[in-house]
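Hi everyone, thanks for making time. I'd like to walk you through one structure today, and I'll keep it short.

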Amino acid sequence: MKKKALIAILTAFLIFLIVCPLLSIFARAVISEDGSLDIIQAAETITEEGNLRMIGSSILLGILVVLVSSIIALPLAWFFSRTRFSRWKAFDIIFMIPFMTPPYIASMGWILFMQKRGLLTQLAPSLSFMTDAFFSLGGLVAVMSFHVFPFMMTMMKNAMLRIPSSLEEAGAVSGAGLLMRIRRILLPLLSGNYAIGALLVFVKTISEYGTPSTLGRRIGFDVFTTDIHRYAAVAPIEFGKSASLASVLVGICLLMWLIQNFITMRRSYSLVGGRNQRAGLTKLGKAGMAAGWGFIILVLSVSIVIPYFSIIASSLIDLRGYGLRAGNFTLHHYAELFTENDKGWSALMNSLFLSAVSATICALLGTLIVLAVRNAGKKAGRAIEAIGLIPEMLPSIVLVIGIMLFYNTIHRIIPAYNTIWMMVIAYVILFVPYTVQYVTSSFTQISPSLAAAGRVAGGTPFYVFRRITLPLIMRGIMTGWMMTFIIAFRELVTASLIAPPDTLVVSTYIVREFEQGSVALGMSMAVICVFLTTTSLILLNWAVDRGRGKAS
Amino acid sequence: MQIQLIGIRKAFDGKEVIHPTDMTIEDRSFTSLLGPSGCGKTTLLRMIAGLETPDEGEILFGSRTVFSASQGISMPPERRGLGFVFQDFALWPHLTVRENVAFGLRAAKRTEGLDAKVRDALHQVKLDDYISYYPSQLSGGQQQRVAFARAIVTEPECILFDEPLSALDAMLREEMRTELRELAGKLGITSVFVTHDQHEAMSMSTRIALISKGSIEQYDTPENVYAHPATAFAAHFIGASNWIDDRTMFRPEEASLSAIDGAEEFLAKVTGSEYMGSGYIIHLEYSQRRWTMESRTKAESGSMLPIYIKPERIVRL
């Protein structure tokens, strides 16, 4: 059958594209240079004293970030689901900003703010004692938490919104006070969601490269991602060690996903079904409202205002030596980006090219995957979907190492290594899950009878796809395209590992200028990058919300 | 158009949901497939439409074979030329009412006089003014009408209905029941109507196929299905039944509380009375079976009441 053949071809292609690079890592971890099996080498790498310490610090970092982001996220989630604050929908978008800001840019903002003779000491010299306090594990944990907390906040907020207020009201009628209701009703119902949120934050933290590579490196705090990167990119290059560490990281991530799955199955309550799901709001007194505002403003200051102020100010300061001072502001760094030499311009163009091309390929491939999943049998479909979603479950750096190893091996057949196409391939692999998810979710909103009705009315399968199915999933495809474009535009770890020599993209340009060139130039590019991507993201969100309102 | 099912069988994941079934649906009849949920009635309908493929058997439209397992014929739904009204209406949300109705004509490239045909179909269902609306802007009843207009615009010889009224509220359901029946009659189309609602089936159909667990229990006129149930399932599923023993029953309204000549007499114990406005429903117990009877007067709980039934009104299965 033709359909079966097409599905088989697609599956083989996905295995080649996604599974082979992944297997290359494990292979490289246990096979030594001369081709013999060498498990001892992998074990030695892992148990090397430095590496053991690194694994310990990575896990410690993950745990601390989970704790701190919980402290930030839980009260916010409560304010935004159970009190008057939930009425201001603008907060939903504002609190997306920290999560959507590339972590390397936010941490550069913090470094510029807190460093010796940085912006903070210029504004308030008496606070200079904070510099040392900031450049420490505590500072790293704080900056990473400021990035990741919106993720947990949104999860917990939605979980709290799903609990019908009648459950709490029933508790109140039965004579339970506020504290007892929180302790005996709210918390038990939320514990499953919290556990899942905490695990995901942990995985995100140990997978993160941006902040550890900027702020972490300054304080000499090595973690998985930075060590994997170092072994793969800095002489003496030792791919074997890099692969061994990557394998351990994959193992930890998979373990977390398994636990997450287990919790989802064991500890989820079916809370849907009640018809009257009024959002019951807890009334806050004056003190409560003031506390709410105070907390929200504090969190917004540290997660948005300070980093953004810092990068914008640094991009505008003319002479760094003079610092923040009237008359020392200029826009000429922005002009310089494009006039001084062609590096800035070509970085911008490279990023635009890469994100547009990979977003387009992802849109096509992702849609094909979803169609195959829906047309293959149950088991085959699930397998195809799982392969398509692997890249999202694993740290990008791990996949990138796998891609490097794999395309090195098959260089004679596909000479992509060290060309810009290598980056396109990597971006497609990393970001195809976005399209898969968006298209899948737009499919779940389509009743299967819509296509059946088209067939009975006389449409051939292709005609029905073109006139009915495709228009209905188009919004999902477009959303996936935009998301891929945005994320690809700012991607750092892939670019820093596999960009061909002398090819810069926006992210590597920013890092290079920040570390060894002109901070002002780097920050100008950062402002442009963040402005472009964050605005398009907010526009996209707004458009999707509007579209949804129209459709229902 | 006559529809013939010959030896149709279907299994899902190894479980047989339609046992080998023969059935002939008469030309221009309004035939209901009636049965509880999960009995296989919708599967049967979808096999007629070509949305499911039988494992065995043949399906003939008139003299045209649209499916035959032995000859390897399986005509895809788009070539069977049927109308289908879905349970959830299945209106395409991105197309206007006009384009929803026009779809079948466009798919078949029958675009000549398209506008007039669409308008005519919408006129039949009294939706002339809604031609440029989107489905989401219509009420449930209006959506139902668009679905019907879409099914008749291609002038099919047969329309299949998959519980089309179940998504509507009770008032609207009664209204649409009459309207659908009238339209189908006026257009002279063969209609096959799937439902789990016995009142719908009784009031609309010329014939009812009563289905249980993948088999047809009885296939007859509504009157005969009610008065002469062929199986215990038929007697239980349709109407109220008072059982004398495992194989013998009567319909409550066939019995009388006053003596009739030549009637059999049963003495039953009153367990309660319910006042219904127009009279009482008396709950009785006869040899550990529960009976009900309608009565103008209340009966005392615990008292014994004689029931009279003419022997020919007692159904023996």
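I'll talk about how the two domains of chain A meet. One thing up front: this is a predicted model.

So, where are the domains? The assignment splits chain A into domain 1, made of 1-41 + 331-552, and domain 2, made of 48-271 + 285-318. Going by C-alpha atoms, the centres of domain 1 and domain 2 of chain A lie 25 Å apart. The contact draws on 39 residues of domain 1 and 41 residues of domain 2.

Now, how much area do they bury? People often express interface size as the accessible area lost when the parts come together. Here, between domain 1 and domain 2 of chain A, that's about 3,500 Å², with carbon and sulfur atoms giving 78% of it. On the domain 1 side, Met393(A), Ile397(A) and Phe514(A) lose the most area to domain 2, and together they make up 15% of what that side buries.

What about polar links? There are zero salt bridges between domain 1 and domain 2 of chain A, but six residue pairs are in polar contact across that interface.

Let's stay with the domain 1 side, the one that touches domain 2. The elements giving two or more residues to that side are helices H1 (2-30), H16 (332-339), H19 (396-409), H23 (493-498), H24 (506-516) and H25 (519-551) of chain A. Which one gives the most? That's H25(A), with twelve residues. And sorted by class, this side of domain 1 has 28 nonpolar, eight polar and three charged residues.

That's my tour, thanks for listening.

Key:
Residues are numbered from 1 along each chain as its sequence is written. Chains are lettered from A and ligands numbered from 1 in the order in which they are written. This is a predicted model: local features need pLDDT of at least 70, side-chain atom pairs count only at pLDDT 80 or more; totals for chains, interfaces and linings use all residues. Side-chain values use heavy atoms; hydrogens and water are left out. Domain bounds come from an automatic or database domain assignment. Contact means heavy atoms within 4.5 Å. Buried area is the accessible area (1.4 Å probe) that two parts lose on being put together, summed over both. A salt bridge is a side-chain nitrogen of Lys or Arg within 4 Å of a carboxyl oxygen of Asp or Glu. A polar contact is a pair of N or O atoms within 3.5 Å; within protein, one must be able to donate a hydrogen and the other to accept it, and residues adjacent in sequence count only if both atoms are side-chain atoms. Helices (H or I, at least four residues) and strands (E, at least two) are DSSP runs, numbered from the N terminus. Ala, Val, Leu, Ile, Met, Phe, Trp, Tyr, Cys and Pro count as nonpolar, Asp, Glu, Lys and Arg as charged, and the others, Gly among them, as polar.
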